[in-house]
Each structure stands twice: as structure tokens, then as C-alpha cells.
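User: Hi, I am new to this structure and would like to get to know it step by step. Could you look at it with me?

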Amino acid sequence: MEVGKAPKIVVVGAGPGGLATAMLMAHKGCDVTVLEARDDVGGRTGAIREQGFCFDIGPTFFLYPEVLQNIFAEVGRDLMTEVPMVRIDPLYRVVFEGEGHLDARSCPDAMSREIARLSPSDARNLRRFLSDNRQKISKFKTILQNPFDTLFDYLRPSVVTSLPILRPHRSLDDDLKKFFADDRVRRAFSFQSKYLGMSPFNCPSLFTILAFLEHEYGVWHPIGGCNRVMQRMCEIAAELGAEIRLGEPVTSFAFDGDSISAALTEQGRYEADAVVVNADFAQAMQRLIPERFRRRWNNRKIESRSYSCSTFMMYLGITGDLPEVQHHTISLARDLERNVRDIQEDLVLPRQPSFYVQNACVTDKTLAPEGHSALYVLVPVPNADAQIDWQLEAKAYREHTLDRLSLIGIGDLRNRIVFERILTPDGWIEEQNIYKAATFNMSHKLNQMLYFRPHNRFEDVPGLYLVGGGTHPGSGLPVIFESARISSRLIADDLRL
Ligand SMILES: Cc1cc2nc3c(=O)[nH]c(=O)nc-3n(C[C@H](O)[C@H](O)[C@H](O)COP(=O)(O)OP(=O)(O)OC[C@H]3O[C@@H](n4cnc5c(N)ncnc54)[C@H](O)[C@@H]3O)c2cc1C
């Protein structure tokens, strides 16, 4: 680091993790450059803007805004003023194929009444579930907020005291059986494991906190979509002095001995006292860091990890509106276990899949031209390990998916579609550089979390830090923002800022 000069930080990728890091490091007085491969910011949280429609590419649920609120506050801004948000109620509708539905409500009394419609005895246990998870989250918060650099971190008092409460060896579905006997009720509190690309039947029980966070802190919709948060973060980072360079992929790094010293693009060379990689971990490591520098994370180890599922996406601009369809609807397959097996074990295209539909125009008219609506459809499918020929399958799967929308009360839309974009696992690889099209990164099994997940301070290469869904604490916006806080703190410590 040159004496008397601001430390130079290069951030590779303008996804949520990269933008949050850019804001924090620019605010600390660093000379920050963000290099983004695409022509727009946000990565998987970016937007498709066409013919007056605006679709979020990936995230549509903005949960637990507290973490981002803290980041905004740290740089002197107020999140809700910068990006107005609406708290959605009902949070979402869960449709159980052929077995009714449940509207998740933010008020516990209203939620109890909804559960009672399906199972009166389970309704009595809602408050017990909420208080159990309140305790879980209070224990786990410290774990999420701190790096896991060494195995000794498991001996930290906060970890040791939390283990019995976290019940790390039980599955999410098993843990929910303590509260809810009805399968449908359990599904309404466990489908959230899909946010991690995992099945409720093997996802660690810790993740009951996902449903809890929704009930306790709300499901939020940023006006303009989640991508709007990314745009504002980019503008604020620039106002704080960061330079954001779009359409400029990093092609390699320079090293000084073992330490990383610069990022290289076709346009130039960017010297760095610290490099922060926000690009998809597995992809970036294999493409950008020669294997001889990766003692712990060599290619064999990266390839042997288990990765999340992928998604088949349809972004539809339609005429008219769908006032009877909720902002968020999750349709769960009648045979959920089979659906999960298709995706994660048998690696075949599910023929009776679960799916999710966002009809955000019921809340936010800015997302479509007048008299139109923007519909987002997500179907979890196997990742690229499945070797599905999407060139061959996509058309028929589109038809099948359009037919299945009738399960949530949407009639045939074909004559109403005026804009359409389909994104298959091939597209996730080509457009977003996602390893194996595993849209939710390395999966969140216990042996791939905390110390066993790639570390925020990448120990194989001095000067290299990670942020985003591929590092600790994991995938999902609140924890991705937490990764930016952790890595920024580590950089500040290492550079003695
Ligand atoms: C379909 C889908 C739905 C999701 N829904 C939700 C949700 O509702 N709520 C939630 O909290 N989370 C959700 N997530 C998970 C997660 O929040 C997002 O995937 C999030 O965008 C991941 O952020 P990230 O910081 O890891 O970076 P990414 O979004 O992956 O961004 C990384 C950036 O790095 C860039 N890049 C890659 N290689 C290079 C290079 N060589 N040089 C320069 N730049 C490069 C990419 O172009 C990209 O812009 C969803 C994810 C998906 C895919």
C-alpha cells in the first residue's frame, strides 16, 4: 500500500455483495473500483427491462431489511427513504396441489386462524414455533455476523451455547413435526428451503428461521423491484467516490509472489491492495485464479462439493391484470418428495413440479405499461449435472408450465402474452457465469457451512476476499449483505484502516 494514499480496493462483480462492499469501503475512504462483466448492475438481482415492463431476474422476496438498513446507516443513508418499500400482507399464498391453500399472514392471530382452517390443533402451536425460532435467531445472529476462519471458531462461546438450540443434525421437516402435524402446514413453513436450493427433507433444521423471519420481520417489496435496491446502491457507492465500470469483465489477476496485486481486463490493469470477488465462487476460482495458488480450494475440491438446484424462468408481459392472484404464490406439487427427488437425486425434469409466481403489479404499477402486468414464473429444476438438453426441452416445458398455472387460478394466458423471455439453466451459465447453473450456489449442508464454506478472507491467496452467496454466511440477500459487512471489516483490519 502506498504511504499517504487511499488503499485501492478492486471489487469483481456488481451483485448485491459487491455493491454493499463498494459502499462500505468507499465510505471508509478507500479508492474503490467495481468491475462488472455485464452492462447492468445487480447480477442475479438485476432486471429485465423491455417494452415498458420491468422484471426482477432473481430475488423477489426482500426479507429482513435490518442488515441492509444497518449498511445504509453506516454510510449515512436511510434505506426506506432511498428505496421505498411496501410490507406485503398476506405475505404469500401457498397452494397445495388439489388440497386447498393457506394465506400466510403477518399478524399471528390472523395466521393462527388460517392454520386452523387446515388443522385446528396445529394453530395452537404457532406461538410456540415463533418463540422457539426467536430464541434460535438470537443465538445464531452472532454466528452469521462473524467470520469462520479456523476450526477454533466453533469453540467460541456463542457457537458452543447455540448448538443445542440449533439442533444441527435434524432436518427442517423433522424439526417442524414438533409443532405441526398436518403435512400442508409443515410445507407452508418449509418451502423456504428452496431459497437455498435445498429440500426440506435434508435441509438443516436451523433453517426454520427462514419462515420465522418472514413472519416476524415481514416480506417486503421495494417499489420498482429488488433490482431497484441494486441501482440505488450503485448510485450511492458512486456518490461516495467508487468508480463503477460496467461491461468490463475481469479476465485474470496479477500476483506478487503469492499475494494478489491487480485485476486485469481487456481495457486495463487495476492495481489493488485488496481484491474482493463477488462473482460466482466456483466459476471465478476456476477461471481467474490459477490452480497453483489454490492449496485448499483446488479444482477437484470445488467440483466435489454439492451444489444447489437450478431454475427454469419465464418472464411474461401480459395484457390486463390478474387481481385475484396474490403478489406471491407458491404452488407445491402434490407429491413433493418425488418432486424434490427428481431435482436433487434422480436429476430428471420434474413433470409435476412445484412452482412460484410473482404478480407484483397488484402492489406496484410501475412494473408494467398501463393496462398490462408483469408476471414472473420460477420452476425449480436440476442443475447442469443433469445434462438436460434445454434447446430440445425448453419449448415443451414452457407449454407445460403455462398449463400448470391453472392450479393457482390463472387461465390460459397464451393470447395475452405481449412480451416473453425464458431463462433456462443454460442461460444462467451463459449470461450470469453461474457454475453448473446452481442458482443458489454451493448448497447449505452442514459440511458446507461456517468453517467449511469458502472463507470471507480467502486464505489461499493473501489480499483476496470473498463476498456473496458463495461464501460465509451463505445465499439469500440478508446473509449476502452480512458477508459484505464481514469482509469489509476484515479488509479494514488487515489494511489497518
Ligand atoms: C431465481 C433466483 C431467485 C432468488 N430469489 C431470492 C429471493 O427472493 N430473496 C433472496 O434473498 N435471495 C434470492 N436469491 C438468491 C440471491 O439473493 C441472489 O442470487 C443474489 O443476487 C446473489 O448475490 P451475489 O452477491 O452472490 O452476486 P450475484 O448476483 O451472483 O452477482 C455477481 C456479479 O458478478 C459478475 N461477474 C461474474 N464474473 C465476472 C467477471 N469475471 N468480471 C466481472 N464481473 C463478473 C456477474 O455479472 C454478476 O453481476 C435468488 C436467486 C435466484 C437465482
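User: Let's start with the ligand. How far is an oxygen atom of the ligand from a polar backbone atom of L477?

Analyst: Happy to help, and please keep in mind that this is a predicted model. L477 is among the residues that come nearest to the ligand, together with E36, R44, T45 and N278. Its contact runs through a polar backbone atom, and the distance to an oxygen atom of the ligand is 2.7 Å.

User: How much of the ligand's accessible area does the protein cover?

Analyst: Other backbone contacts help to picture the site: a backbone N or O atom of V250 is 2.9 Å from a nitrogen atom of the ligand, and a polar backbone atom of G469 is 2.9 Å from an oxygen atom of the ligand. On its own, the ligand has 990 Å² of accessible area, and the share covered by the protein is 95%.

User: Which element gives the largest share of the shell around the ligand?

Analyst: Elements that contribute two or more residues to this shell are helix 1 (16–27), strand 18 (372–381) and helix 17 (477–494). With 3 residues, the largest share comes from helix 17.

User: How many residues of the shell around the ligand are charged, by class?

Analyst: The shell has 34 residues around the ligand. Sorted by class, 17 of them are nonpolar and 14 are polar, while the number of charged residues is 3.

User: Why does the ligand lie between two domains, and which ones are they?

Analyst: The reason is in the shell, because two domains both give residues to it. The ligand therefore lies between domain 1 (8–47 + 225–305 + 442–494) and domain 3 (309–435).

User: Now to the sheets. In the open sheet with the order 11-12-13, which strands stand at the edges?

Analyst: This sheet has 3 strands, and the pairing is antiparallel. Two of the strands each have a single partner strand, so one side of each is left without a neighbour in the sheet. Those edge strands are strand 11 (250–256) and strand 13 (269–271).

User: Which residue in strand 13 stands opposite A263?

Analyst: Strand 12 (residues 259–265) pairs with strand 13 in the antiparallel sense, over 3 bridges. Opposite A263, in strand 13, stands Y270.

User: By what angle are neighbouring strands turned against each other, on average, in the sheet of 7 strands?

Analyst: That open sheet runs in the order 8-7-16-17-18-15-19, with mixed pairing. At its edges are strand 8 (101–104) and strand 19 (417–423), each pairing on one side only. Ignoring direction, the average turn between neighbouring strands of this sheet is 15°.

User: What is the bridge partner of Y315 in strand 19?

Analyst: Strand 15 (residues 310–319) and strand 19 run antiparallel and are joined by 6 bridges. For Y315, the bridge partner in strand 19 is R421.

User: Is the peptide bond from D89 to P90 cis or trans?

Analyst: P90 lies in the loop between strand 6 (85–87) and strand 7 (92–96). Most peptide bonds are trans. Here omega is near -5°, and the bond from D89 to P90 is cis.

User: Where does P473 lie, the residue joined to H472 by a cis peptide bond?

Analyst: Omega of the bond between H472 and P473 is about 5°. As for its place in the chain, P473 is found in the loop between strand 20 (464–466) and helix 17.

User: One last point: what is the phi of L347?

Analyst: L347 sits in the loop between helix 14 (336–344) and strand 17 (355–358). Most residues other than glycine have a negative phi. L347 is not a glycine, yet its phi is positive, near 55°.

Notes. Residues numbered from 1 in each chain as written. Predicted model: local features only at pLDDT ≥ 70, side-chain atom pairs only at ≥ 80, totals over all residues. Heavy atoms only, no water. Pairing = 2+ DSSP bridges. Helix = DSSP H or I, 4+ residues; strand = E, 2+ residues; numbered from the N terminus. Near = heavy atom within 4 Å. Polar contact = N/O pair within 3.5 Å; in protein donor to acceptor, adjacent residues only side chain to side chain. Areas by Shrake-Rupley, 256 points an atom, 1.4 Å probe, with all protein chains shown as cover. Nonpolar A, V, L, I, M, F, W, Y, C, P; charged D, E, K, R; others polar. Domains from an automatic or database assignment. Axes fitted to C-alpha atoms, helices over the stretch in contact; angles between N-to-C directions.
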